[in-house]
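Visitor: I am new to reading protein structures, and I would like to go through this one step by step with someone who can explain it.

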Amino acid sequence: MVDTRVTLSGIELANPVIPASGAFGFGYEFAELYDINILGSISFKGTTKEPRFGNPTPRIAEASAGLLNSVGLQNPGVNKVISEELPKLKKCFNKPVLANVSGFSVEDYAYTCEKLDTEDCIGWFEINISCPNVHGGGLAFGTDPKNAAAVTRAVKKVTNKPVYIKLSPNVTDITEIAKACEAAGADGLSLINTLLGMRIDLKTKKPVLTNKTGGFSGPAVKPVALRMVYDVYEAVKIPIIGMGGISTAEDVIEMMLAGARATEVGAANLIEPFACKNIIENLPAVMEKYNIKSLNEIIGGAHNG
Amino acid sequence: MTQGIYRVISNRPIAPSVYKAELAGDTSGLTAPGQFINIKIEGLYLRRPISIYDYDEGKITVIYKTVGAGTEKLAKAAPGDKFDILAGLGNGFDISKPTQKPLLIGGGVGIPPLYKLCRELLQKGKRVSVVLGFNKKEEIFCEKEFSSLGAAVTVATVDGSYGIKGFVTDAMRNIDYDFFYTCGPLAMYKAIENTAVTSGQFSFEERMGCGFGACMGCSCKTKYGSKRICKDGPVLDREEIIW
């Protein structure tokens, strides 16, 4: 018998497989397909203070071994998330979830987190300071250590739940931002958000996305994500949730060896609705194949010493 | 929605750049005409949404136009080839609308999802009229298929090489109808919106990520809030659409 349990800031997960924010809505579409209680947790759709429609369509494009999205944080706003979405989520999922929160000012983040803080189903906050699709929004906080620290401090003030900061890969040195968040009191980090990218249509000779640019995700970004998780693991002591191109149980193990304590699965859910279920079911056999008895023991295993 | 592996029974051109494919597999997830499938194509990451022309127990028929990398690869599929498909996506047309004399208006490659709708409306004893719009005679497909079902079919071609010269809206003028269902290009929809005298349903398309409501990639604004074309659509009521 292998042990797939991991612990994130004192809360035990049955396995390290968590659908990533934006790729799983509030869970209930997937609950029609399988019992989502098998998941380690869920990071729900990025929530903001006000309702948002997001960017104009087309806001999805094919890319090599992945996709671009410029959805732009569509969500019904924190009040409706609390009154309509979370009750539906709780009906199909009975474990603690990650509340993914985005904002346009430090006050926005604090406001939204304070509102959500009283929700029992929320185990952790995952603060998105890295959305590449909102101009003047999240990414502005995620590319500057001082701003990242300011958001971290503001959120820590309004909640006692563990606060994970979701980092952008669109920076020169991700470890600088990681260290700034740790120093400001972050309980953990999650990385990476999508890579800023573009596609151009040869027929129209113009960008495919109306927003021109979008976030690149999918299997193609996995090596970049692994490298960044590896580097951040060396730079900080707080736990890391690793993500970027994870589609298989092997990918989960690889990400954990780089230093992730848990992992998130994003794009794969959109292509293969049963992706997380398949990963969880395959995990024990893959662990046995590579002689891994407990996932806890392999976290950061790729590092020396 | 169901996921399954489907075997290609046939896949052949029926008009320039337009193909008809029959796929054998699970049809238990299909609930209404006007739904679509999302098909995984080797070498591409995103699935490709394709509207359903017809279905019966164990068989789905699609008609598609080659417009890009996905459909061009699909056109090369041979009998016996297998595809991973999500089936029964979207709401589909509502055949319970109070209509005795429905009019079906199809433009070009928007025509296919109207076929199964036509079949079901006729089965319910409705007097169905169909208007099909094409650019020119060479592009016409499915006219016979609709006639064979027993619908009154009018064809319009923009260049006048066949049927009525002009647009579908020109062909609609002399038809007696009390509700319409339509699928086709946006320019045609705007003309219908300006011409039609009754309620109706429009089927929309949009670039999709997942096809089943998870990614919010294909959202549109309606009078009743934002809707996902893939899950809350692709069919919207005339009264809710913001043009």
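Visitor: Which residues of β6(A) are buried on one side and which on the other?

Guide: This is a predicted model, and everything said here about positions comes from it. Strand β6 of chain A covers residues 97–101, and five of its five residues are buried. In a regular strand the side chains alternate between the two faces of the sheet. Both faces of β6(A) are covered, with A:Leu98 and A:Asn100 on one side and, on the other, A:Val97, A:Ala99 and A:Val101.

Visitor: Which residue in β7(A) stands opposite A:Asn100?

Guide: The strand to look at is β7 of chain A, residues 122–128, which runs parallel to β6(A) and is joined to it by five bridges. Within β7(A), the residue that stands opposite A:Asn100 is A:Glu126.

Visitor: Which helix gives the most to the largest nonpolar core?

Guide: The largest nonpolar core has 154 residues, and those with the most contacts inside it include A:Phe44, A:Leu116 and A:Ile127. The helix that gives the most to this core contributes seven residues, spans 275–289 of chain A, and is α10.

Visitor: Why does this core lie between domain 1 and domain 2 of chain B?

Guide: The domain assignment of chain B places domain 1 at 2–89 and domain 2 at 102–203. The core lies between them because residues are given to it by both domain 1 and domain 2 of chain B.

Visitor: How many Å separate the centres of domain 1 and domain 2 of chain B?

Guide: The contact takes 16 residues from domain 1 of chain B and 14 residues from domain 2 of chain B. Taken over C-alpha atoms, the separation between the centres of these two domains of chain B is 23 Å.

Visitor: Which strands stand at the edges of the open sheet in chain B?

Guide: Seven strands of chain B form this sheet with mixed pairing, in the order β10-β9-β8-β7-β11-β12-β15. At one end, β10(B) pairs with β9(B) in the parallel sense over two bridges, and B:Ile164 in β10(B) is the bridge partner of B:Ala156. The edge strands each have a single partner strand, so one side of each is left without a neighbour in the sheet, and they are β10 and β15 of chain B.

Visitor: At about what angle does helix α5 of chain B run to β11(B)?

Guide: Helix α5 of chain B, residues 186–195, lies across β7, β11 and β12 of chain B. Helix α2 of chain B, residues 113–123, lies across β7, β8 and β11 of chain B and runs at about 165° to β7(B). For α5(B), the angle to β11(B) is about 165°.

Visitor: Is B:Arg238 buried or exposed?

Guide: B:Arg238 is found in the segment after β15 of chain B, and the residues that it touches include B:Phe180, B:Ile192 and B:Phe202. A residue counts as buried when its relative accessible area is under 20%. B:Arg238 has a relative accessible area of 13%, so B:Arg238 is buried.

Visitor: What radius of gyration does chain A have?

Guide: Chain A contains ten helices and 15 strands, and buried residues make up 61% of its 305 residues. A compact globule with 305 residues would have a radius of gyration near 19 Å, and the value for chain A agrees with this, being 18 Å.

How values were computed:
Residues numbered from 1 in each chain as written. Chains lettered and ligands numbered in written order. Predicted model: local features only at pLDDT ≥ 70, side-chain atom pairs only at ≥ 80, totals over all residues. Heavy atoms only, no water. Core = buried A, V, L, I, M, F, W, Y, C linked by side-chain atoms within 4.5 Å. Buried < 20%, exposed > 50% of the residue type's maximum accessible area, 1.4 Å probe, protein only. Helix = DSSP H or I, 4+ residues; strand = E, 2+ residues; numbered from the N terminus. Domains from an automatic or database assignment. Pairing = 2+ DSSP bridges. Contact = heavy atoms within 4.5 Å. Axes fitted to C-alpha atoms, helices over the stretch in contact; angles between N-to-C directions. Rg over C-alpha atoms; globule rule 2.2 N^0.38 Å. Lists of a residue's contacts leave out its neighbours within four places in sequence.
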